[in-house]
Amino acid sequence: MLTKEDNERLVRVGQGTEMGRLMRLYWIPFLRSSDVLTNGQPYRVRLLGEDLVAFRDSQGQVGLIDHACPHRGAPLVFGRNEQEGIRCIYHGWKFDVTGKCREIPTEPSESPMVNKVRVTAYPVRERNGILWTYMGPDVDALPPLPNIEWNLVPEDQVVVTLRVQECNWLQALEGEIDSAHAAILHGRVDNSGTINQWKQGQDKAPTFECAQHDSGLSIASRRKIGENRNYIRVNQYMMPFWTLVPPQSQYPELSGHAWVPIDDEHTLCLMFSYHPSEPFYEKTKKLFRDGHAGRETGHASEDSFELRAITEPYHTCWSKFNRGNAYLFDYQIQVEKYNAGLPGLWVQDAACQSGVSPIYDRTKEHLGTSDSGIVRVRRLLLNTLKAITADEQVRPRSVVDPDQLMHRAVSITIPADTDWMVAGKEYMHARLGDSFGYEP
């Protein structure tokens, strides 16, 4: 379990908090490029508790600036996006993507105010259809964008979706590095369907082994699948909010999340699925987009969202499955068919991670051996917070070396007496253009 004080340290992400300071050392993916069009409608964003607005100016540059005009606090999401800047509709003050004020129509032309006024602005970079921002110090010497495989492969090899989840970032992240739950939560009572055929379903009490690396932690679950064979699934945690999930044997793919803190109680779940060397399966793309028989896959389907007002951060990313409607839980379905009684994979995960409260009291936990990965990730984060609090100049290696995030999660079958770290070493290193290197 965590003490109340340590849990607070890990989940509070606003300015001045320890975790907020750590998160601000990293580039943060926060929107799809297609969410902001040239001279189009600005888009409300909240990151690490800060209220912002994103827009693409007439030159195609993306700005991420404070959501309120510094004149009288009018909402810039209503701003007119024109001629290389966003103009407040209240009094016409205009700001460019750097936050610099360009025009103040209500002041005399010789007024020095226009050269003095600025609005908070964060640098934005685009890579392969995703917008990234850096909210930390050293803006004159920005760290490199991280090289993470899903955001480097060709566009036809990857699927990316975004959704908001109603809990703090760590609560959501820990659900993905806990692979003990998969065959239970996602399984079926009637013992049919693909999930009940997963190899991990053959041994529901795996042993866990962890290995720390420069960017995070490899978390291996070892399951017996025969007298002398073990099935090894290695999930990856990478600083500060990345998780990678191993492939299954059916339509093998690599997947994972960025669990980006919107604020202390909401998380932007950026999910990616990709094939490392071939175009992504069209059948699977359709399943992600449409769901299956009214149920959700690992990705939020297009029909799973409820559109909110443009003044609400991430107004296109809120789900119709939420705590307020019990995630559309159906007890009769639970009795007759699906273990969880919830409509699909990601909904089942979200309900368990978020269903009690946005910040759960971790002093009430009773952790077991299957939670060793969770314990190690918490310890790694707390040790990192301690280091950067003691020395504000400390930078984790994963901040300064872009290749530190070139990891893969793996699922391999090995002899029972084999070291998974040795057997999986080459497969866990991502090399652009290379396939899995083994049969998942």
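These legends accompany four close-up views of a predicted model.

**View 1. A small set of strands: the open sheet S5-S6-S7-S8.** Let's start with the sheet, where 4 strands follow the order S5-S6-S7-S8 and pair in the antiparallel sense. Strand S5, residues 80-82, and strand S8, residues 101-103, stand at the edges. Each of these edge strands has a single partner strand, so one side of each is left without a neighbour in the sheet. If you zoom in on the S8 end, you will find strand S7, residues 94-95, joined to S8 by antiparallel pairing over 2 bridges. For a residue to pick out there, try Phe95, whose bridge partner in S8 is Cys101.

**View 2. Helix H1 crosses helix H9.** Here we turn to two helices, H1 (residues 4-11) and H9 (residues 372-390), whose axes come within 11 Å. Their axes cross at roughly 75°, which means that H1 is roughly perpendicular to H9. On the H1 side, the residues to look for are Asp6, Arg9 and Leu10. They meet Arg378, Leu381, Leu382, Leu385 and Lys386 of H9. By class, the residues of this contact comprise 4 nonpolar and 4 charged, with no polar ones.

**View 3. The largest cavity and its lining.** Searching the whole structure turns up 3 cavities of 30 Å³ or more, and the largest holds about 90 Å³ of space. Its lining is made of 13 residues. Those nearest the centre of the largest cavity are Val164, Gln165, Glu166, Phe321 and Asn322, so to find your bearings, begin with these labels. Two elements, strand S12 (158-165) and helix H8 (345-354), each give two or more residues to this lining. The lining of the largest cavity is mixed in class, with 6 nonpolar, 4 polar and 3 charged residues.

**View 4. The second largest cavity.** Our last stop is the second largest cavity, with about 50 Å³ of space. Several stretches of the chain can be followed around it: the lining includes Leu25, Tyr26 and Trp27, as well as Pro143, Pro144 and Pro146. Ser398, Val399, Asp401 and Pro402 also line this cavity. Sorted by class, its lining has 8 nonpolar residues, 1 polar residue and 1 charged residue.

Definitions and conventions: Residues are numbered from 1 along each chain as its sequence is written. This is a predicted model: local features need pLDDT of at least 70, side-chain atom pairs count only at pLDDT 80 or more; totals for chains, interfaces and linings use all residues. Side-chain values use heavy atoms; hydrogens and water are left out. Two strands pair if DSSP finds at least two bridges between them. Axes are lines fitted to C-alpha atoms, for helices over the stretch in contact, and angles run from 0 to 180 degrees between N-to-C directions. Angles under 35 degrees count as roughly parallel, over 145 as roughly antiparallel, 65 to 115 as roughly perpendicular and the rest as oblique. Contact means heavy atoms within 4.5 Å. Ala, Val, Leu, Ile, Met, Phe, Trp, Tyr, Cys and Pro count as nonpolar, Asp, Glu, Lys and Arg as charged, and the others, Gly among them, as polar. On a 1 Å grid over the protein atoms alone, a cavity is a set of points where a 1.4 Å probe fits but cannot get out, and a pocket is an open set with protein on both sides within 12 Å along at least five of seven lines; lining residues have an atom within 4 Å of a point. Grid points are joined across faces, edges and corners, and a volume is the space filled by probe spheres set on the points.
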